[in-house]
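Q: Please take a close look at one strand of this protein and explain how the rest of the chain is arranged around that part.

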Amino acid sequence: RMTRPGREETLGGDTIRVLLVGTGDDFGTELEGEGFQVARIPDLASLGTGSDQDAVVVSLDEPGPLEALETLRLKTPAAAVLVLTEADREADGAVALHAGAEDHLVRDSIASGLLPRAIRYAVERRRLRRELATIDELTGLPNLRGFVAIAEHQLRMADRAGTPVV
């Protein structure tokens, strides 16, 4: 398995960068030492633009699920999003799933070992979804979206080099 540039290699593959938002200090301790690089912030307002995370676990305590997802997609567009709710707010988790979150977890119902597995699954699902959006499933060739990205890159390279493109 190849690693992406700037990644640390772990026994099971790449290190997964996880951001825990508003989950509290006691949540996510099982991620440490499991091939995860964990960062914590108290709320979505503390999230910087262009955050380079593989996954974001966000507690849906204050903003509604749609607002939270919109903020996360603007600030961390490539990250897999897992929402965390209390048992009495499971409907918010369902709304978040319909809005594009990869998974929904209920805080007091997370079995031992489920969180690392859910994060790995969500990251892989997000990666596959992005890949399928740009590569034809049958031929393995770039589809129109993939072609446009490649063409834009080639045009920028030609512009920098001052060479024509045909």
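A: **Strand E3 and its surroundings**

E3 and strand E4 (residues 36-41) pair in the parallel sense over 6 bridges; two strands count as paired if DSSP finds at least two bridges between them. Strands (E, at least two residues) and helices (H or I, at least four) are DSSP runs, numbered from the N terminus. The model is a predicted one, in which local features need pLDDT of at least 70 and side-chain atom pairs count only at pLDDT 80 or more, while totals for chains, interfaces and linings use all residues. Residues are numbered from 1 along each chain as its sequence is written, and side-chain values use heavy atoms, with hydrogens and water left out.

Within the pairing of E3 with E4, valine 21 stands opposite isoleucine 41. E3 also pairs with E5 in the parallel sense, over 4 bridges. There, valine 18 stands opposite alanine 55 of E5.

Next comes the cover over E3. Of its 6 residues, 6 are buried, where buried means under 20% relative accessible area (1.4 Å probe, protein chains only). Ile16, Val18 and Leu20 lie on one side of the strand, Arg17, Leu19 and Val21 on the other, and both faces are covered. For the protein as a whole, buried residues make up 36% of the 166 residues.

E3 also contributes to a nonpolar core, meaning a set of buried Ala, Val, Leu, Ile, Met, Phe, Trp, Tyr and Cys residues joined through side-chain atoms within 4.5 Å. The largest such core has 18 residues, and Val18, Val57, Leu82 and Ile119 have the most contacts inside it. Two or more residues each come from strand E3 (16-21), strand E5 (55-59), strand E6 (80-85) and helix H3 (114-134). H3 gives the largest share, 5 residues. In soluble globular proteins, nonpolar side chains tend to be buried together.

Isoleucine 119 shows how this core is joined. Leaving aside residues up to four places away in sequence, isoleucine 119 touches Ile16, Val18, Leu31, Phe36, Ala55, Val57 and Leu82; a contact means heavy atoms within 4.5 Å. A second, separate core has 16 residues, among them Leu44, Ala68, Leu72 and Ala101.

Finally, the setting of E3 in the chain. The protein has 4 helices and 7 strands, and from the N terminus on its elements run β-β-β-β-β-α-β-α-β-α-α. Of the contacts with a separation of 6 or more, 51% are between residues 24 or more positions apart.

Conventions
Buried means under 20% relative accessible area, exposed over 50%, partly exposed in between (1.4 Å probe, protein chains only).
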